[in-house]
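Q: Please take a close look at one part of this structure: the place where the ligand sits. Then show how the rest fits around that view.

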Amino acid sequence: MEKKNIDWGSIGFGYIPTDYRYVANFKDGKWDEGTLTTDPNVTLNECACVFQYAQTVFEGMKAYTTEDGHIVTFRPDLNAERLANSAKRLEMPAFPEDRFVDAVVQTIKANEAYVPPYGSGATLYVRPYMFGSNPVIGVKPADEYQFRILTTPVGPYFKGGAKPITIRVTDFDRAAPHGTGHIKAGLNYAMSLHAIMDAHRQGYDENMYLDSATRTKVEETGGANFIFVTKDNTVVTPKSNSILPSITRRSLIYVAEHYLGLKVEEREVYLDEVKDFAECGLCGTAAVISPVGKIVDHGKEICFPSGMEEMGPTTKKLYETLTGIQMGRIEAPEGWIKVIE
Ligand SMILES: *Cc1c(COP(=O)(O)O)cnc(C)c1O
């Protein structure tokens, strides 16, 4: 199969339409059989619930080529489960988890020409999402829904090495204690847009959000979970009911324990103790891990010993082991790699 003529190393993280996308519709209480389509546009009524009341949830995953030439994706069963949980919280019907995985496979296969080659650092980003599609004006959930999967090739996250970033402790809140911080919903991103633009204007790469009830505990950034490494090499990750359960973070914790033999702790992490950690990173599908070199808390700087030039040593081992597993260079735990072809 011939690949598209794309300069894989130089594309960024932007929308490049591919040939096919997947669509299924929910109507009269059931999902139709679903199909691939070439039409990238969605036509909806002006009063569709998604426009008026933001009833929409999504997922993010990647398809890529392994060292031995297979096109694969990583733990799609967990994306299926998470989308179902997100849907439930917004009173949307779940898209069946087995059908989700099947639809992801179909969509990637149809866009095989856009899956970047091994070694390019680029990937095919896969975005499943669903939304309330029929007109709603009195506040209530929609009766009809559309589930779609779009794909778009994205370039290497780190061009020329993973440089540590600088983040700030923000006064904005991301999630309330019994709110929607734990689901992957567009609404959580809409309200983060001002906070991230403000951070960028002040010269920071990201926001560290604290728990909104006490403002003493670390939650996450707008789109990635934290991992920390202590000076005696324990991997620590914040536990909270209002952070999004990152699949990357859960995978890294497993890798730390079972591949690297490290002690791991998933617990509440106080902002006060962050200065004592040796390393800090942000984890999510896009970057796997972005190293954090500096955190600024209202003018007070926390500089990690790993510095601003490279990833800390344990962060780097975690990064290399997980990306090694993903790329087929290191044997994966049972069920982690879904081979498309
Ligand atoms: C998607 C997301 C993450 C990262 O999750 P992964 O499954 O690792 O990609 C972290 N935080 C938020 C708020 C997210 O939406």
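A: Start with a term: a residue is near a molecule if one of its heavy atoms lies within 4 Å of it. By that rule, 15 residues surround the ligand. The closest are K184, Y189, S246, T248 and T285.

A word on the source: this is a predicted model, where local features need pLDDT of at least 70, side-chain atom pairs count only at pLDDT 80 or more, and totals for chains, interfaces and linings use all residues. Residues are numbered from 1 along each chain as its sequence is written, and side-chain values use heavy atoms, with hydrogens and water left out.

Now sort the shell by class. It holds 4 nonpolar, 7 polar and 4 charged residues. Here Ala, Val, Leu, Ile, Met, Phe, Trp, Tyr, Cys and Pro count as nonpolar, Asp, Glu, Lys and Arg as charged, and the others, Gly among them, as polar.

Next, look at polar contacts (pairs of N or O atoms within 3.5 Å). In the side chain of S246, an N or O atom is 2.6 Å from an oxygen atom of the ligand. I247 uses its backbone: an N or O atom there lies 2.9 Å from a ligand oxygen. A224 also uses a backbone N or O atom, 3.4 Å from a nitrogen atom of the ligand. How much of the ligand is buried? Taken alone, the ligand exposes 390 Å², and the protein buries 97% of that. Such areas come from the Shrake-Rupley method with a 1.4 Å probe.

Finally, step back. An automatic or database domain assignment gives domain 1 (21-154) and domain 2 (165-326). Their centres, taken over C-alpha atoms, are 26 Å apart.

Terms used. A polar contact is a pair of N or O atoms within 3.5 Å; within protein, one must be able to donate a hydrogen and the other to accept it, and residues adjacent in sequence count only if both atoms are side-chain atoms.
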